[in-house]
Amino acid sequence: MKKIGVALGGGGAKGLAHIAMLEVLDEFDVDVHMVSGTSIGAIIGALYAAGRSASEMREAIAELTETPRTLKEAWEAKELPAWLGFIDVDVGRSSLLKVDRFLAELEEAMGVSTFEALPTPLKIVASDFWAREQVVFDSGPLLPAIAASFALPGIFKPVVLDGRVLIDGGSVNPVPYDLLLDSCDITIAIDVIGKRKPGDELIPSYTETLFNTFQISEKTIVVEKLKACAPTIYIEPEIEDVRVLEFHKADEIYVQAGSARDELRRALTEALR
């Protein structure tokens, strides 16, 4: 039987498209041999590796987004919405948001606390800030690895682990399918970096500049990686004009991911022949 590996990339709220892609794998009832993830891909990848189905994740997201509200609206109302309710505002030197409560809820949802306890092997990518290099976690406690992987600079606090300052894994490996190539016969890479178009103003705002500059670098890394070594299946859902923290747009994201679901279904059918 062919060993299947799934790599879930970073992209903030656009990463909810991963759930739609994983629903296709659940349809095929495939036994995933290994999962790798970066940033939001690390979060969803950890849940999937822990045995949570894509449909369970979709239901959980639906509960969190019962009251859609943009971050701007929530900020002005001094009321954080359900989808952001696990994050505490902490305007400090190096970060804006803390995620302790979210991580506690995530651990409860996973039902395990270490890589070794996962039913499916998992690899999580973070970036060593000072060494400017990739750090791959595949053993030990899960939560520090996940927190490091989505520690987007300027938004989430870096994670200090074993003397290293760790930040978002998208800085070095936005879609970590290369970590699966030696162990899997079929590698599926899901790239959810998405696209942005100019708004009413051609010149971007400060936050738009911060997020999109980071994603320009991510996209460049992925393009060069694909030239060097390609996965068996590369899927890039056409997610457009969804910002990093706009998790309240879950339904819109699923709709935009529809054609990519069909593409993955066709590609997987062919690969499994």
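**Group meeting talk: rings, strands and cores**

Let's start with one ring: Phe102 is partly exposed, because its relative accessible area is 22% and buried would need a value under 20%. Before I go on, please keep in mind that this is a predicted model.

So, who sits with Phe102? Going by ring centres, the model has three aromatic pairs. One of them joins Phe102 and Phe150: the ring centres are 6.1 Å apart and the planes stand at 80°, so we call this pair edge-to-face. The two partners come from distant parts of the chain, 48 residues apart. Phe102 belongs to helix α5, residues 100-110, while Phe150 is in the loop between α6 and β7.

Is Phe150 buried or exposed? Phe150 is buried, because its relative accessibility is 7% and the limit is under 20%. Phe150 also pairs with Phe156, again edge-to-face, with 5.4 Å from centre to centre and 90° between the planes. Phe156 comes out at 9% relative accessibility, so that ring counts as buried too. Put together, Phe102, Phe150 and Phe156 make one aromatic cluster.

Rings also turn up with charged partners here. Arg58 lies over the face of Tyr254, 4.0 Å from the ring centre. Then there is Lys225, whose charged end sits over the ring of Tyr177, at 4.3 Å from the centre.

Okay, on to helix α6, residues 142-149. Seven of its eight residues are buried, so the rest of the structure largely encloses this helix. Among the buried ones are Leu142, Leu143 and Ile146.

Hold on to Ile146, please. The largest nonpolar core has 73 residues, and Ile146 is one of those that touch the most other members, along with Leu22, Leu25, Met110, Leu122 and Ile188. Which helix gives the most to this core? That's helix α2, residues 40-49, with eight residues. Leaving aside residues up to four places away in sequence, Ile146 touches Ala42, Ile43, Ala46, Leu106, Met110 and Ile124. A second core, separate from that one, has nine residues, including Ala7, Leu180, Cys184 and Val222.

Ile188 takes us to strand β9, residues 186-190. Why do we say β9 is largely enclosed by the rest of the structure? Because five of its five residues are buried. Both faces are covered: on one side you have Ile186, Ile188 and Ile190, and on the other Thr187 and Ala189.

And what are the neighbours of β9? Strand β1, residues 4-8, runs parallel to β9 and is joined to it by five bridges. Within that pairing, Ala7 has Ala189 as its bridge partner, and Ala7 is the residue I just listed in the second core. Strand β10, residues 233-235, also pairs with β9 in the parallel sense, over three bridges. There, Ala189 stands opposite Tyr234.

One last thing to look for on the screen: β9, helix α7 and β10 form a right-handed β-α-β unit, with α7 covering residues 206-228. If you want one place to begin, try Ala189: find Ala7 as its bridge partner, then Tyr234 opposite it in β10.

Technical notes:
Residues numbered from 1 in each chain as written. Predicted model: local features only at pLDDT ≥ 70, side-chain atom pairs only at ≥ 80, totals over all residues. Heavy atoms only, no water. Buried < 20%, exposed > 50% of the residue type's maximum accessible area, 1.4 Å probe, protein only. Helix = DSSP H or I, 4+ residues; strand = E, 2+ residues; numbered from the N terminus. Pairing = 2+ DSSP bridges. Right-handed = clockwise from strand over helix to strand, strands pointing away. Phe/Tyr/Trp six-rings, centres within 6.5 Å; stacked < 30°, edge-to-face > 60°. Lys NZ or Arg CZ within 6 Å of the ring centre and 35° of its normal. Core = buried A, V, L, I, M, F, W, Y, C linked by side-chain atoms within 4.5 Å. Contact = heavy atoms within 4.5 Å.
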